[in-house]
Amino acid sequence: MAKNVEHGIEDDLNKKLAIQIVKESEDDRLMRLSVGPQHPGSGHFRFTVTVDGDYIVHCDPDPGYVHRGEEKMCEYRNFIQNIPHLERPVIHDSSNIIYSYSLAVEQLVGIEVPRRGQFIRALASERERQIYTLYWLAIYGIFLGHSTMFMWPTGDRELFIDLMDALTGARVTHAFNIPGGVRNDIPDGFKDKCLRNIAYFEKRLKEYEDIFYNNPLFRQRTEGVGILSKEDAIKLGVTGSVLRASGIPYDVRKAEPYDIYNEMDFKVQYMKSGDSFARSYVPFLDMKESCHIMRQLLDKMPDSGEVRAKLQPNPKGAPGEAYRRVESGRGALGYYIVSDGTPKPYRVKISVGSFRNMIALPHLLVGSKLADMPSVYWSLNYWPVEADR
Amino acid sequence: MTSELKEKPTTNSSPQQSSSPSSPPPSPKPAAGSSPPSPPAKREPESPPFEKGIVSQIISHFGNDKIKISYIRPLRIKINVNPADIVEVATFIRDNLGFDHAEAVSGTDYPKDDQIEVIYQLGSYSRDDLEGHVFSLATRTNRDDARLPTLINVYRSAEYHERETFEMLGVYFEGHPRNERFILPEDWADLPPLRKEFRIRGR
């Protein structure tokens with residue numbers, strides 16, 4: 001702590017706050033509960049809730065159990081060496097988390113991605129978003145006591161992973177979308193395999209809807225629970241499905257089309273109710289729309305051509321900075337990279353949807369019942385590892 | 001594979017370095033600057049008109065003394081202000097320009113200048129014409145006594161981001177209720193890790 005005082009940081013306010021919390025817990029009525037980090041329902045994340053009987057009166061998130069210092073690590077490695085470790089915060093959506101990094105590096109280094117490379121990159125990212133959403137849906141299902149909904153997406157996700165395996169050579173962390181394009185071309189017969197897979201998945205999505213979203217038990221536990229109004233969603237700056245569930249049709253793919261997304265025909269899926277049900281249903285609608293986008297990608301993809309622009313072995317970024325975003329499974333995912341003209345980035349800031357949506361958790365939980373906690377928490381599409389970075 | 005066979009010799013020195021996103025943005029992309037290779041940091045193409053209009057609104061309200069323009073690119077604007085003016089400027093941006101939330105707060109340590117730069121990346125959900133834009137509001141503070149006024153009363157969404165900046169760079173946000181540990185362990189007693197003098201062990 002001595003070092004902090006040296007930098008002029010005081011802890012007076014903290015002491016005041018600590019005393020306040022102790023006073024709360026001395027009162028017999030209130031009880032402070034710790035949720036996580038070992039709790040199977042929260043991931044590697046801890047938050048405390050203070051309850052008055054059944055109702056939550058205070059909630060304090062405490063992230064950081066899986067903090068890896070990704071941003072600091074970036075400063076020690078060059079632009080290419082940074083690719084594999086930057087995927088680790090969210091391995092189920094690794095194509096998207098590296099996508100915006102690639103866009104920012106391309107802007108700094110000054111290269112254009114070949115057209116065929118752009119299509120394959122977008123295809124991988126759409127597929128990956130579905131894989132992430134299926135994984136999240138499975139966990140959401142099991143924590144609301146719906147074990148079929150755990151089994152089905154987990155099983156279907158395996159087919160997708162096989163497809164990504166055929167495309168990239170790895171099951172989850174692909175290091176496939178890289179600065180300059182994609183690592184390799186699509187293998188023979190991939191197009192047909194992918195189309196068959198999409199057709200199967202669209203059939204399955206109808207079954208998901210019947211067994212999960214139309215299930216009266218599920219609807220009772222989510223409808224009208226944890227309502228985030230449109231005004232609050234803007235004020236809190238939430239993103240992704242949480243934002244779109246509150247009636248704001250905002251999607252980075254439409255707002256700031258990257259690569260070939262301005263040629264794609266798709267709708268931004270959103271709902272107006274802003275409750276847990278809407279937040280769980282919007283990603284489902286996104287998965288449907290993703291199938292539609294993937295069909296177009298496969299259809300319009302040029303038959304031949306380069307998939308990657310040649311980079312120098314150790315590319316140097318032009319001095320300056322870049323801030324680029326993509327739409328990931330959890331919302332806008334931005335990289336702010338400062339380059340000082342050396343092969344290593346001077347500063348990398350990863351702005352992730354999970355971290356941005358965390359602020360909605362205390363906002364939604366305070367005033368709701370403790371029993372609604374899992375349904376609200378998982379509807380936020382929160383991925384602790386990504387938030388901690 | 002086959003993609004690597006063809007090599008273009010000068011892919012790395014395009015004239016539009018650090019200029020604009022590679023995807024076509026809605027605003028027209030200006031032609032590449034025809035000036036001879038001057039210092040690369042200052043080689044910006046002509047500013048796009050829409051973004052220029054946004055900046056001129058701020059300049060006309062606050063004057064040239066308070067606002068320093070870092071760059072105006074398609075969909076991206078960055079201005080630098082003094083810490084004393086930041087609350088006023090941020091309030092103006094929110095109320096008059098339509099940027100309604102903070103996407104990220106990024107701090108960068110510059111030991112050479114003995115300063116820390118804190119950037120608020122601001123976006124807009126409520127206005128359709130601004131949806132792809134990111135307004136970067138930057139300010140600099142001394143490293144030795146890093147203090148900045150908080151913006152949580154203007155941008156509520158900056159709360160956790162500022163808390164993260166506090167612990168990662170040691171910038172004390174005056175008026176922020178909780179300048180305390182967030183992601184780092186509660187008993188962290190070392191330098192703020194994103195300061196440049198903090199070294200990863202063994203490197």
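**Strands in chain B, helices in chain A**

Let's start at one rung of a ladder in chain B: B:Asp109 has B:Ile116, a residue of E4(B), as its bridge partner. Keep in mind that this is a predicted model. That rung belongs with a longer pairing, in which strand E3 (residues 101-110) of chain B runs antiparallel to E4(B), joined by nine bridges. Four residues sit between the strands of this hairpin, and B:Asp114 takes a positive phi near 60 degrees there.

Now look across to strand E5 (residues 134-142) of chain B, which pairs with E4(B) through eight bridges, again in the antiparallel sense. Here you'll find B:Ile119 standing opposite B:Ala138 in E5(B). As for burial, seven of the nine residues of strand E4 (residues 115-123) of chain B are buried, so the rest of the structure largely encloses this strand.

Over to chain A, which has 17 helices and eight strands. Its radius of gyration is 22 Å, close to the 21 Å from the globule rule for 389 residues, so chain A is as compact as a globular protein of that length. Of those 389 residues, 51% are buried.

For a closer look at chain A, pick helix H5 (residues 94-109) and helix H6 (residues 115-143), whose axes come within 7 Å and cross at roughly 135 degrees. The two helices, H5(A) and H6(A), are therefore oblique to each other. On the H5(A) side, A:Ser94, A:Ser95, A:Asn96 and A:Tyr99 make the contact, meeting A:Arg121, A:Ala124, A:Ser125, A:Glu128 and A:Arg129 in H6(A). Sorted by class, that contact has two nonpolar, four polar and three charged residues.

Technical notes: Residues are numbered from 1 along each chain as its sequence is written. Chains are lettered from A and ligands numbered from 1 in the order in which they are written. This is a predicted model: local features need pLDDT of at least 70, side-chain atom pairs count only at pLDDT 80 or more; totals for chains, interfaces and linings use all residues. Axes are lines fitted to C-alpha atoms, for helices over the stretch in contact, and angles run from 0 to 180 degrees between N-to-C directions. Angles under 35 degrees count as roughly parallel, over 145 as roughly antiparallel, 65 to 115 as roughly perpendicular and the rest as oblique. Two residues are in contact if their C-beta atoms, placed from the backbone, lie within 7 Å. Ala, Val, Leu, Ile, Met, Phe, Trp, Tyr, Cys and Pro count as nonpolar, Asp, Glu, Lys and Arg as charged, and the others, Gly among them, as polar. The radius of gyration is taken over C-alpha atoms; the globule rule is 2.2 Å times the number of residues to the power 0.38. A residue is buried if 20 or more other C-beta atoms lie within 10 Å of its own, exposed if 12 or fewer, and partly exposed in between; C-beta atoms are placed from the backbone. Two strands pair if DSSP finds at least two bridges between them.
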